[in-house]
Structure formats: structure tokens, C-alpha cells
Amino acid sequence: MGLGRSNKHKVRIRDRLEPYWRCYYSNTDAVIYVVDSVDKDRMQTSKEELHAMLEEEELKDAALLVFANKQDMEGALSSAEVADALGLSTLKNRQYSIYKTSAVKGEGLTEGLDWLVNIIQENKQ
Ligand SMILES: Nc1nc2c(ncn2[C@@H]2O[C@H](COP(=O)(O)OP(=O)(O)OP(=O)(O)O)[C@@H](O)[C@H]2O)c(=O)[nH]1
Ligand SMILES: [Mg+2]
């Protein structure tokens, strides 16, 4: 939500919408999780929300693609640091990968999506 709202306001909206997220989980092959690599203060929250979401039964077989985004900005955590902050190595029975991206420069996105397309094709065979 990039509508210039305060964090407090956004958290309130999120708490209201969260119950509806799971309506969209069925028939999901993959989750693409975009992380602001500069927003260190919210990495822990981001970690908790990711792990909670992946506990959903309907996401049991979904591959996980993480974009460590905003790499063009000063102070961005590396993809290894984002992976560590999100606790990706603790994920069990999950196909996942992380790519560093800059959405504004258009970098890293195709690499990540190529990985995902391959995984999904392999899983369908
Ligand atoms: N420099 C840079 N800016 C980006 C990138 N991707 C998105 N943005 C910009 O980030 C702004 C939105 O910031 P976000 O952190 O996604 O959203 P937010 O408004 O902070 O809301 P939150 O979801 O609460 O973090 C927009 O102005 C985007 O253009 C990127 O890769 N690099
Ligand atoms: Mg932000």
C-alpha cells in the first residue's frame, strides 16, 4: 500500500483485510514476497507475517520467491542478509529462492521470475 498513509493507519487496514487474504490462497502455485531491503525496522514483522502466511494449508505446496527489493538504495541489506532476517533457511519442505531486485531500475525481476517458471513447470510434470 503506497498511498502515503501513516504506518499506524496501514497496520489498521492490514488487520482488517487479513482475514480475507486466505480467500485467495486456493490453487496457488507460488508466493512472491517483495521485501523493502532498506526497511530494517520492519524485517522482524515481515519475517513473522511470512512464516504465518506459509502455515496456511493451501500454501503447503506453493513455491516461494523473495525479492530483496530497493537494491538501488543506499543501506540496502544484501540478499543474504534479507534471507537471514526472514529466517528462510528455517523453512521446511519449501522450494524457495531469493533475488535482489530494483523495481525502479527493472533489475533482477526476470531472473527471479525465470526461476519461478522453471519450478512451476517441473512441479507440473
Ligand atoms: N528506490 C526504489 N524505490 C522503490 C523500489 N520499489 C518501489 N519503490 C518505491 O517505493 C515507494 C513505496 O514504498 P513501499 O515501501 O513499497 O511502500 P510504503 O508506502 O513505504 O508502504 P509499506 O508497505 O508500509 O512499506 C514507491 O514510491 C515506489 O516507487 C525500488 O526498487 N527502488
Ligand atoms: Mg515502505
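These are my notes on the sheet and the nonpolar core of a predicted model.

**The sheet**

I started with the strands. Three of them make an open sheet, ordered 1-2-3, and the pairing is parallel. As a reminder to myself, strands of a sheet pair through backbone hydrogen bonds, either parallel or antiparallel.

Which strands sit at the edges? I found strand 1 (30-36) and strand 3 (96-100) there, each pairing on one side only. I also checked the twist: neighbouring strands are turned by 20° against each other on average, with direction ignored.

Next I looked at how strand 1 meets strand 2, which covers residues 63-69. The two pair in the parallel sense over seven bridges. I picked out V35 and found that its bridge partner in strand 2 is A68.

**The helix on top of it**

I then asked what helix 4 touches. Helix 4 (residues 109-124) packs on the sheet and touches strand 1, strand 2 and strand 3. Its direction makes about 180° with that of strand 2.

**The core**

How many residues are in the largest nonpolar core? I got 18, and L64, V66 and A68 have the most contacts inside it. Strand 1, strand 2 and strand 3 each supply at least two residues of this core. The largest share, six residues, comes from strand 2. General note: in soluble globular proteins, nonpolar side chains tend to be buried together.

**A closer look at A68**

A68 had now turned up twice, as the bridge partner of V35 and among the core residues with the most contacts. So I listed what A68 touches, leaving out residues up to four places away in sequence. The contacts are V35, S37, L77, S79, V82, I98, Y99, K100 and T101.

Definitions and conventions: Residues are numbered from 1 along each chain as its sequence is written. Chains are lettered from A and ligands numbered from 1 in the order in which they are written. This is a predicted model: local features need pLDDT of at least 70, side-chain atom pairs count only at pLDDT 80 or more; totals for chains, interfaces and linings use all residues. Two strands pair if DSSP finds at least two bridges between them. Helices (H or I, at least four residues) and strands (E, at least two) are DSSP runs, numbered from the N terminus. Axes are lines fitted to C-alpha atoms, for helices over the stretch in contact, and angles run from 0 to 180 degrees between N-to-C directions. Two residues are in contact if their C-beta atoms, placed from the backbone, lie within 7 Å. A nonpolar core is a set of buried Ala, Val, Leu, Ile, Met, Phe, Trp, Tyr and Cys residues joined through C-beta atoms within 7 Å. A residue is buried if 20 or more other C-beta atoms lie within 10 Å of its own, exposed if 12 or fewer, and partly exposed in between; C-beta atoms are placed from the backbone.
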